[in-house]
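Reader: I would like a close look at a single part of this model. Please take one helix and follow it to whatever it helps to line.

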Amino acid sequence: MTSMTGYAYEEVTSEQTVVSVEIKSVNSRFLDLTINLPTYLNPIESYFRTKISEKVTRGKVDVYIRIKENHSDAQISVDTQLAKTYMEAYRQIAAAAGIAGVHPAAAIYALINQDGVLNSNKEYDVEKYKTLIDPVFDAAFDRFVSDREREGANLKKDLEEKLTVLENCAGFFKDWQPKMEQYFKEQITSRFNELLGENADQNRIMTETAAMLVKYTINEEIVRLFSHISAMKNEIQNNPVPGKRLDFICQEMNREINTIGSKNQFSEVGAMVINAKDALENIREQSKNVE
C-alpha cells in the first residue's frame, strides 16, 4: 500500500553545472502530473513523464527539474538598429510629455528589457542534459517512492486497526440478532396475553412476531457487512493500489450500518452503531490518502 503524499529533493554539483530535482505529491482522484523544466529541455519531458507514470497511478505530482550552469558559453548579440528605434521612440515620448531628456541609465534598462534587443545564441545538446539529469532524477524518484511507501505502511496499519473495530461491531450485531428476535416474541406474547389471557391465539402471536421480525431483523445487513469487511481486508492485503476500491466498499458498508441503525430498537445496539460509523468514517478518510 502506498500513500499519495510524498516528497523528495536531490541535488548534484559539478564543475560545470548544478542539477536539482524536486518531487512532491498530494491527494488526487487520478494521476495529475506536472513537470517543470527549462524550455530548451521540453523534448525530454515525455521521457521523465513515462518514468513516473510507470510507478505512480494516483496523486497530484509536481516535478521541478532545474539546471544552473557555472560557466556559460552563450553568445549575446545586440540588435543595435532595433535599440536605436526604441531610443528614438523614447525621445519622442519624452518630448510629447514635456520631459527635458531621457536619463541614460533608465533608457538602457528599458532597452535591454525589450524583446529582440538582446539575443542569446546557444546550442543546447538535449541528450547531454538528459545524461546529467537522469541519475539525479532517479535518486530523487527512488526517495520519493520510498517516502510514499513508508507513509503507506502507516496508513495500512491504521486501516487494519479501524477495520478490526468495525469487525467487532459487526460481531456484536450478529450476537444481538437472536436476542432481538426473542425480545420481539416476548413483547408480542405479553401484549396478547394482557388483552386475551388464556384465549390468546398462538398462531396469531407467531404471525405478528414474524411480521415484526421482517420489519426489524438485521440479519441480511449483518451478512453483507461481514462480506464487505472481508472484501476490504482482501484489498488492503493484496491490492497494491486499493484506494478507489476502498472508497467504493466504504459506501456499501455505510449503507448497511445506516440500515441497521434505522431498524434498531435497543440502546446497546445504538451505541455500537455509533462506534461502527466512527470507525468507518476514519477508514473513509484514510482511504482518500491511499494510492
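Author: What follows deals with helix H7, then with the largest pocket, and ends with the sheet.

The model is predicted. Helix H7 covers residues 243–263, which is 21 residues. At 1.5 Å a residue, H7 should span 30 Å, and its end C-alpha atoms are 31 Å apart, so the two values agree.

The buried residues of H7 are Gly 243, Leu 246, Ile 249, Cys 250, Glu 252, Met 253, Glu 256, Ile 257, Ile 260 and Lys 263. As a general point, an α-helix has 3.6 residues a turn, so residues three or four places apart point the same way. Charged side chains also appear in that buried set, among them Glu 252, Glu 256 and Lys 263.

H7 also contributes to the largest pocket, giving three residues to the lining, the most of any element. The volume of this pocket is about 180 Å³. Its lining includes Gly 243, Lys 244 and Asp 247, and Gly 243 is also one of the buried residues of H7. The other lining residues are Met 4, Ser 28, Arg 29, Phe 30, Arg 58, Ser 287 and Lys 288. By class, the lining holds five charged, three polar and two nonpolar residues.

Turning to the sheet, four strands form an open sheet with mixed pairing, in the order S1-S2-S4-S3. Strand S1 (6–13) and strand S3 (31–36) are the edge strands, each pairing on one side only. On average, neighbouring strands of this sheet are turned by 5 degrees against each other, direction ignored. Strands S2 (residues 17–26) and S4 (residues 59–69) run antiparallel and are joined by ten bridges. Glu 22 has Tyr 64 in S4 as its bridge partner.

How values were computed
Residues numbered from 1 in each chain as written. Predicted model: local features only at pLDDT ≥ 70, side-chain atom pairs only at ≥ 80, totals over all residues. Heavy atoms only, no water. Helix = DSSP H or I, 4+ residues; strand = E, 2+ residues; numbered from the N terminus. Expected span 1.5 Å × (residues − 1). Buried < 20%, exposed > 50% of the residue type's maximum accessible area, 1.4 Å probe, protein only. 1 Å grid on protein atoms, 1.4 Å probe; cavity = no way out; pocket = protein on both sides within 12 Å on 5 of 7 lines; lining within 4 Å. Points joined across faces, edges and corners; volume = space filled by probe spheres on them. Pairing = 2+ DSSP bridges. Axes fitted to C-alpha atoms, helices over the stretch in contact; angles between N-to-C directions.
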